[in-house]
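User: Could you zoom in on one part of this model for me and then work outwards from there? Plain words, please, with the cut-offs spelled out.

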Amino acid sequence: MTTDSGPAGQGGLADPAAALADRLFHDMIGALELFTVYVGERLGLYRALAMEGPATSAELAGRTGTTERYVREWLEHHAASGLLEVDDPAAGPLARRYRLPPAHVPVLADPDDIRYRAHNGVEIARAGRWLPQLVEAFRTGGAPSPLPWAPEGRAEYNRATFLNLLGTRWLPAIADVHRRLRREPPARVADLACGPGWSSIAIAQAYPLVTVDGFDLDADVIAAARRYAEQAGLSDRVTFAATDAAGLGTAGRYDLVTIFEGLHDMSRPVEVLRAARGMLSPSGSVLIADELVAEEFTVPASDLERYCYGWSVLSCLPSAMGDPGTAATGAVMRPATLGRYAREAGFSGVETLPLETETWRFYRLSA
């Protein structure tokens, strides 16, 4: 394949148009790399290199039940891109041995590590699958049809973060909540928009007395959450239900209600917050984590804000646009917006908690 734009264009980087063309060229390189990461993640190529060591293209194909010629091109691409290392670049194509550098293992091959990012390939592939429908939604104002679960499911991008940090660092930093979760009588937790359930599982693992009820609209993701809870040996304390959180009628039952990176996706966040308020015991708390965006719109924005806006355009906002009564929040939910939702839901106060994270801001709502 050839490209007319080239890395910089004929005008050089002093030309703003050429600079933009250069930027988009490099963005294309990054996008293509993410698609090849999708291939490596789906086929277990990274895991095979991490667990069984360096390999030729034929050896890696044999380990993973794939075709050597495809694997050879993938390996060459990854070596050319610096994602893999090759022992002898001058060796023949079938003789070259490729390795996953030790520093790349946690990022590409260890889903239990908080630095794991191979799921980004899954995320971007799923986002690309509904682009034609998204274009039509821009014209009609509705929402694209939900993406089917198959073939790869949804990327579980917060799994390692929840399992490593939620019950060991974040919740213990909220002293009174931490105390309540540890003492008798056993506390009850409602985890709204729980997704595949890793936040619910992490809370139960950290606090052996509590019971956790996870709720999510997606029946497929709830089915996955139930499997994970059973595999973790927590089915007796962690349950899941596919239901609309806004309609939960369980007033006064829960000591803690959580919404982790889910409020901005909800078409009717005020109704959900109102339901959450009604679910609290007299001394209960609502804990929300959402994107660490700037307090006001600014340009140019930080890389994190650009990232959030990108997902907002491609996924978060479209997912909420099918409801005629949608709040149409989008991923860039600023603190003032959350505060307004909380007040409309009847909460008396919103506290931004002093929890230091790279991507999230934590809020505590007072009934």
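How do the residues lining the second largest pocket divide into nonpolar, polar and charged, and what sits around that pocket?

Analyst: The lining splits into seven nonpolar, three polar and five charged residues (nonpolar is Ala, Val, Leu, Ile, Met, Phe, Trp, Tyr, Cys and Pro; charged is Asp, Glu, Lys and Arg; the others, Gly among them, are polar). Keep in mind that this is a predicted model, where local features need pLDDT of at least 70 and side-chain atom pairs pLDDT 80 or more, while totals for chains, interfaces and linings use all residues. Residues are numbered from 1 along each chain as its sequence is written, and side-chain values use heavy atoms, with hydrogens and water left out.

The 15 lining residues include Leu34, Ile124, Arg306, Tyr307 and Gly310, which lie nearest the pocket's centre (a pocket is an open set of points on a 1 Å grid over the protein atoms alone, where a 1.4 Å probe fits, with protein on both sides within 12 Å along at least five of seven lines; lining residues have an atom within 4 Å of a point). Helix 1 (16-43), helix 6 (119-129) and helix 13 (303-320) each put at least two residues into the lining (helices are DSSP runs of H or I with at least four residues, strands are E runs of at least two, and both are numbered from the N terminus). Helix 13 is the top contributor to the lining, with seven residues.

Now for how those helices pack. Helix 1 and helix 6 come within 7 Å of each other, axis to axis, and cross at roughly 115 degrees (axes are lines fitted to C-alpha atoms over the stretch in contact, and angles run from 0 to 180 degrees between N-to-C directions). Where they touch, helix 1 brings Leu34, Phe35, Val37, Tyr38, Glu41 and Arg42, and helix 6 answers with Asn120, Gly121, Val122, Ile124 and Ala125 (contact means heavy atoms within 4.5 Å). That contact counts seven nonpolar, two polar and two charged residues. Leu34 and Ile124 turn up twice here, both in the helix 1 and helix 6 contact and beside the pocket's centre.

Helix 13 has another partner: helix 7 (131-140) packs against helix 13 at about 65 degrees, with the axes 11 Å apart. Leu131, Leu134 and Phe138 of helix 7 meet Val313, Leu314 and Pro318 of helix 13. That patch has six nonpolar residues, no polar ones and no charged ones.

If you follow the chain past helix 7, you get to Pro151, in the loop leading to helix 8 (159-170). The Ala150 to Pro151 peptide bond is cis, with omega near 5 degrees. Another cis bond joins Glu184 and Pro185, at an omega of about -10 degrees. Pro185 sits in the loop between helix 9 (175-182) and strand 3 (188-192). After strand 3, in the loop to helix 10 (198-206), comes Ala193, which has a positive phi of about 55 degrees despite not being a glycine.

To put all this in its setting, the chain has 14 helices and nine strands, and its C-alpha trace spans about 70 × 50 × 35 Å along the principal axes.
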